[in-house]
Structures are given as structure tokens and as C-alpha cells.
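Thank you for making room on the agenda this morning. I would like to walk through one structure, beginning with some backbone details and then moving on to charges.

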Amino acid sequence: MSRPEFQAPPEILLNIPPGDPAILLDIGCGSGLSGEILDEEGYIWAGCRYCPKYAWWVALEREVEGDLFLQDVGQGFGFRPGSFDGAISISVLQWLLNAETSHPTSSPPHRLNRFFTTLHSALRNPSRAIFQFYPTSDDQIQLITSIAQKAGFGGGIVVDYPNSNKARKVFLCLFVGGGGGGQQQQLPMGLAGDGDEHARFENRREKERKRDRSGKRKAVKDKDWILKKKELYRQRGKEGVPRDSKYTARKRKPAF
């Protein structure tokens, strides 16, 4: 059985109604790669990262449309209850298992508890939070899932290609509330097999995503991209945004 994200846009996996202007939280947004996908799908999003400055500036240079902020997620979030319609995260949870100091607030259970408790409050009911992470033992998985459940989440672990060293991926799929209509939300089924084809697909997916149907590379900053970016700047109150005209996005000849 194919996973939902390979059949349809992310709103299927995150249980978001089609056409809903959802607000998503990207936990550990890094250099903004996942944020670019959210931009393409038309979502409003905010991204947090506790990272070195070089990764932060890469995200700014990409000019992603999401709001970016620095945050140690182990200290919890300060959002209003029900602020987000869903959350995604790639390669973050395992870092919460590191204790940087001997202080009790630096212990993995304390940091995980703060993380999941405040995240649960920040998500609306119903909603989902999907994490891909890299545990090193079953004890780590048990610790993470037990604390998430104590914080009020439902859900569990989904493993794609469990017998493959290259393609194996571990997901923590968490649910807030039910699925609507009195139904319980169901965990997606993990993919089975050796995963060789999937591993090759992952390597070429980024290249294919940037090509149009004619086989040529898609322009990164075409007219539609520029108009969308200018409109975003106007909505944010930025001054000095050039007006739109028939010359917008046209190539200028080099000055003699």
C-alpha cells in the first residue's frame, strides 16, 4: 500500500481539508528545503530552528515565505492554543535526547515533556504532527512515544522499509483529537519491500521537481514567482516595492 504523501499533496497526511488555507509549523526548518515545498502547495507556515548561523542565512537567501525564528524546542513553545493546523519535522526528535548539562531541566525526559506538552497546546483539534527521526535504540522510541502520549497525543510509530539499510525511515505520527464525525484517526501503513527503488527515487526527486513537462529546467524566479513575492512584501508592509508592469520579470540587456 502506497503512503498518502506519494499519492496526493501533504494535506492528506496531515488531515487538512482540501482548499483550506492551513497554517503549519515546520519544527527544525534548517535551510528552508521543506519550507519551499510548503510554499509551492500554498500553505502559510512558520519555521523554527536552533542552529548555527550559516544554516539560518541559507534559509534567508532562499527567500522562503514562511516566518523564521530561532528556538530551542526543548524549552517548549510559546504559541497561543490552537495556533496551527498541523506540524512537520525532519531529524529533530533525536537531538532532544542529548543532555548538554547536568541540570534537571536539561534531562531528555524534561525536554521531551516540555516539547510535546506545549506543541499539543499549539495545535488545533483535530490535527496531526508528523516527525521523521533517527532513533538509535528501541528504548529511545519507547521514551519518546510514552512522553508524547502522556502529553495528550494519540498515534504511534510508522516504519517504511524496515528491512532496508538505505531506505528505512522511522516516523512518529501524532494525532490531536479525533478524525471528525466521531471517528478515530488511523495510522498510515508503512511501506514494505527492499526499498531500492525508493532510494533511487529520493535521489532524483529534487531534480525532477525542478523540471517542467517539456524536460527543461523550471525557472527558479519566473514572473509568477516575482509577482507572488512582491505581493507578499506589500502584505507585510515593506516599503519601496516596485509596481507591477508589462516589464516585470523581463530580462534587461546589459548596459554598454
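Let me start with a small question: is Ser 91 buried, partly exposed or exposed? With a relative accessible area of 26%, Ser 91 is partly exposed, where buried means under 20% relative accessible area, exposed means over 50%, and partly exposed covers what lies in between, taken with a 1.4 Å probe and protein chains only. The areas themselves come from the Shrake-Rupley method with a 1.4 Å probe, and for residues only the protein chains shown count as cover.

Before going further, I should say that this is a predicted model, in which local features need pLDDT of at least 70 and side-chain atom pairs count only at pLDDT 80 or more, while totals for chains, interfaces and linings use all residues. Residues are numbered from 1 along each chain as its sequence is written, and side-chain values use heavy atoms, with hydrogens and water left out.

Now to the backbone. Most residues other than glycine have a negative phi, and most peptide bonds are trans. Against that background, Ser 91, which sits in the loop between β4 and α3, has a positive phi near 55 degrees. Helices here are DSSP runs of H or I with at least four residues, strands are runs of E with at least two, and both are numbered from the N terminus. Tyr 161 also has a positive phi, near 50 degrees, and it is found in the loop between β6 (154–160) and β7; at 10% relative accessibility, Tyr 161 counts as buried.

The peptide bond from Asn 125 to Pro 126 is cis, with omega near 0 degrees, and Pro 126 belongs to strand β5, which covers residues 123–133. Strand β5 also holds Ile 130, a buried residue with a relative accessible area of 8%. The C-alpha atoms of Ile 130 and Phe 175 are separated by 8.8 Å, although the two residues are 45 apart along the chain.

Asn 125 comes up again when we look at Gly 177, which is placed in the loop between β7 (169–176) and α5 (196–209). If we leave aside its neighbours within four places in sequence, Gly 177 is in contact with Asn 125 and Gln 185, contact being heavy atoms within 4.5 Å. Gly 177 is partly exposed, at a relative accessible area of 38%, and its C-alpha atom is separated by 10.0 Å from that of Leu 123, 54 residues away along the chain.

Let me turn to the charged side chains. How many salt bridges are there? The count comes to 5, with a salt bridge taken as a side-chain nitrogen of Lys or Arg within 4 Å of a carboxyl oxygen of Asp or Glu.

One of them joins Asp 72 and Arg 111, whose closest N and O atoms are 2.9 Å apart. Asp 72 lies in the loop between β3 (67–70) and β4 (84–90), whereas Arg 111 lies in helix α3 (residues 108–122), so this pair ties together parts that are 39 residues apart in sequence. Asp 72 is buried at 15% relative accessible area, and Arg 111 counts as buried too, at 12%.

Another salt bridge is formed by the side chains of Asp 244 and Lys 230, at 2.8 Å from N to O. This pair links distant parts of the chain, with Asp 244 in the segment after α6 and Lys 230 in helix α6, 14 residues apart. Lys 230 counts as buried at 9% relative accessibility, while Asp 244, at 39%, counts as partly exposed.

Within helix α6, Arg 234 and Glu 231 are 3 residues apart, about one turn of the helix, and their side chains meet in a salt bridge of 3.6 Å, N to O. Arg 234 is partly exposed at 33%, as is Glu 231 at 37%. Lys 230, Glu 231, Arg 234 and Asp 244 are thus linked in a network of salt bridges.

Finally, the surface. Lys 223, Lys 246, Arg 250 and Arg 252 gather there in a patch of positive charge. Patches are made of residues with over 30% relative accessible area and no salt bridge, like charges being joined within 9 Å and nonpolar side chains (Val, Leu, Ile, Met, Phe, Trp, Tyr) within 5 Å. Lys and Arg count as positive and Asp and Glu as negative, with His and the chain ends not counted, and the place of a charge is taken as NZ of Lys, CZ of Arg, CG of Asp or CD of Glu. Within this patch, Arg 250 is located in the segment after α6 (223–235) and is partly exposed, with a relative accessible area of 49%.
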